[in-house]
Structures are given as structure tokens and as C-alpha cells.
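Trainee: Could we go through this model together? I would like to hear the reasoning behind each label.
Mentor: Gladly, let us open it.

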Amino acid sequence: MKTLRTLTLAGSLSLLMLTPASVMSAAQDEPMFTPQQMTDWLHLVMSSDRTVYTRLIVNRLQNKEKVIKASEHFEDDKALVLPAQMFRFGAEMVGEATDDFSYSLLSEWPINKQNAPRTEVEKAGLAYIAANKGENYYATEELGGTTYFTAVYADIAVAPACVSCHNDHKDTPRTDFKLGDVMGGVVIRVPM
Ligand code: HEC
């Protein structure tokens with residue numbers, strides 16, 4: 001199993017330069033960041049990549065230039081992978097490489113029923129981020145005997161392609177998404 005040693009080291013080094021207190025805890029080899037900082041950083045990378053893929057690849061080539069479509073059946077259709085598939089394939093690779101954290105993309109209005117919230121924290125988190133725009137949701141939960149720090153971040157309609165594809169999809173339970181709406185949430189879990 002791979003660990004987040006590198007991240008711990010990077011965190012220690014940058015904090016070392018800040019305060020004597022952080023030097024002390026660096027010397028004691030204590031974790032140099034909280035689970036929340038870790039999930040916030042992970043989410044920043046995920047959401048940035050997701051936005052870039054959607055805006056610069058899918059929205060530009062499908063919606064603006066009309067060169068190529070994005071499709072669930074991207075192999076048969078010789079099309080682009082959907083942003084949600086791009087995200088899931090990454091999450092699956094991470095799952096093969098480490099148990100230190102895991103993540104998924106869920107929604108209260110899922111096209112794919114597999115992406116509906118299951119745990120109480122997922123349900124509460126998705127409801128919270130939809131009702132409190134701009135805020136994240138953090139909780140701990142126990143699943144299968146392990147305690148997790150679980151963070152839920154809003155997944156926003158950042159491009160017209162998000163809205164048009166979901167509203168027009170045959171399996172969508174919701175057809176009134178607008179640009180800027182919360183469409184679901186990214187759930188990141190870290191075992192404590
Ligand atoms: C070309 C169509 C298309 C585009 C563009 C698209 N989606 Fe999706 N999205 C889907 C499909 C289809 C699924 C279900 C994929 C699966 O099988 O898991 C999905 C899944 C999701 C999910 C998980 C819940 C669900 O509906 O199953 C969220 C949240 C989501 N998309 C938000 C977005 C956002 C935000 C954007 C823009 C950044 C976006 N989508 C762009 C088609 C699209």
C-alpha cells in the first residue's frame with residue numbers, strides 16, 4: 001500500500017519555515033495538516049482538472065465547435081469520454097494505488113442511480129451543499145468498523161455543456177439545471 005509520505009514531507013517543509021510551534025511538531029513527526037486540509041487540497045486538484053476538461057475539451061469541441069461529441073458509449077461512438085467518466089476512471093486508478101483516501105461524484109438528481117447518496121453523511125452533505133452555496137460539508141462517519149473523515153464539495157455547472165447534457169438526458173430526474181447551479185457533490189473519504 002502506498003502512503004502519503006511525500007505529501008506529509010512537503011507539508012512539513014513548508015510549515016517548518018513558518019512558526020516555531022510547527023518546527024516542534026515536525027520534529028515529533030506529527031501529521032502536519034488536518035484531514036480537512038488534505039481533502040480541501042485534493043478537491044482543488046480534482047475540481048480544477050474537471051473544469052478544464054469540461055470547458056476546454058467537451059464544451060469547446062462538442063458545444064461550440066461541434067467537432068466531436070461526448071458519449072457514455074465513447075468507444076462505440078468514437079467520442080469523448082463524459083466528464084463524469086473521466087472523473088470515475090481517475091477515482092478507480094487511485095483506488096487501485098492507495099487506501100489512504102477515496103472519492104466519488106454523487107448527486108441527489110443522478111442520471112445514473114449508482115451515483116445517488118447512500119450513507120447518512122452523503123445524504124446530509126449533498127443536501128447541505130445544495131442549500132448553502134459556496135460552503136463545504138465535513139463530518140466523521142463509521143462504515144464497516146472504520147471511522148472516516150468525509151468531506152462533501154459542491155459540483156457546479158461550470159459550462160453550458162453540463163447543463164444541456166443533463167437536462168436533455170433521457171434518464172435525468174431533473175431538467176431545470178442552469179449555469180452555476182449545484183448539480184451534485186464530490187465526496188472524499190479519509191480513514192482516521
Ligand atoms: C455530454 C454529457 C454530459 C456532460 C457534458 C456532463 N455530464 Fe454529468 N453526467 C452525464 C452522465 C451520462 C452521467 C452519468 C455517468 C455515469 O454513468 O456514472 C453524469 C454524471 C454526473 C454526476 C453524478 C450524478 C449523476 O447524474 O449520475 C454529476 C454530479 C454530474 N454529472 C455533473 C456534471 C457537471 C457539473 C458537468 C459539467 C462540469 C457535467 N456533469 C457534464 C452526462 C454529462
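**From contacts to labels**

Mentor: In this predicted model, Thr-54, Val-58, Asn-59, Gln-62 and Asn-63 of α3 meet Pro-160, Ala-161, Cys-162 and Ser-164 of α6.

Trainee: How do you know that these residues of α3 meet those of α6?

Mentor: The cut-off for a contact is 7 Å between C-beta atoms placed from the backbone. Those residues of α3 and α6 are the ones that meet, and they divide into four nonpolar, five polar and no charged.

Trainee: Why is α3 called oblique to α6?

Mentor: The two helices pack at an angle of about 60°, with their axes 9 Å apart. Roughly parallel needs an angle under 35 degrees, and roughly perpendicular starts at 65. The angle of about 60° makes α3 oblique to α6.

Trainee: And why are α3 and α4 called oblique to each other?

Mentor: Helix α3 (residues 35-64) and helix α4 (residues 83-97) pack at about 140°, with their axes 10 Å apart. Roughly perpendicular ends at 115 degrees, and roughly antiparallel means over 145. With an angle of about 140°, α3 and α4 are therefore oblique. Their crossing is right-handed.

Trainee: Which residues make the contact of α3 and α4?

Mentor: Arg-50, Tyr-53, Thr-54 and Val-58 come from α3, and Pro-83, Met-86 and Phe-87 from α4. By class, this contact has five nonpolar residues, one polar and one charged.

Trainee: Now the sheet. What makes β1 and β2 edge strands?

Mentor: The sheet is open, with four strands in the order β1-β4-β3-β2 and antiparallel pairing. β1 (102-106) and β2 (137-143) each have a single partner strand, so one side of each is left without a neighbour in the sheet. From one strand to the next, the twist averages 25°.

Trainee: How do you know that β3 and β4 pair?

Mentor: Pairing takes at least two bridges. Strand β3 (residues 146-156) and strand β4 (residues 182-191) have nine, in the antiparallel sense. Tyr-148, for instance, has Pro-191 in β4 as its bridge partner.

Trainee: What packs on the sheet?

Mentor: Helix α5 (residues 120-131) does, touching β1, β2, β3 and β4, and its direction makes about 135° with that of β4.

Trainee: How many bridges join β2 to β3?

Mentor: Seven, again at least the two that pairing requires, and the strands run antiparallel. Ala-139 stands opposite Thr-150 in β3. In the hairpin of β2 and β3, two residues lie between the strands, and Gly-144 takes a positive phi near 55°.

Trainee: Last, the ligand. What surrounds it?

Mentor: A shell of 25 residues, the closest being Ala-84, Asn-112, Cys-162, Cys-165 and Gly-184. The elements α3, α4, β3, α6 (160-168) and β4 each supply at least two residues of the shell.

Trainee: Which of them gives the most to the shell?

Mentor: That is α6, with four residues. Across the shell, 16 residues are nonpolar, seven polar and two charged. Cys-162, among the closest to the ligand, also belongs to the contact of α6 with α3.

Definitions and conventions: Residues numbered from 1 in each chain as written. Predicted model: local features only at pLDDT ≥ 70, side-chain atom pairs only at ≥ 80, totals over all residues. Axes fitted to C-alpha atoms, helices over the stretch in contact; angles between N-to-C directions. Left-handed = near helix turned anticlockwise from the far one by under 90°. Contact = placed C-beta atoms within 7 Å. Nonpolar A, V, L, I, M, F, W, Y, C, P; charged D, E, K, R; others polar. Near = placed C-beta within 6 Å.
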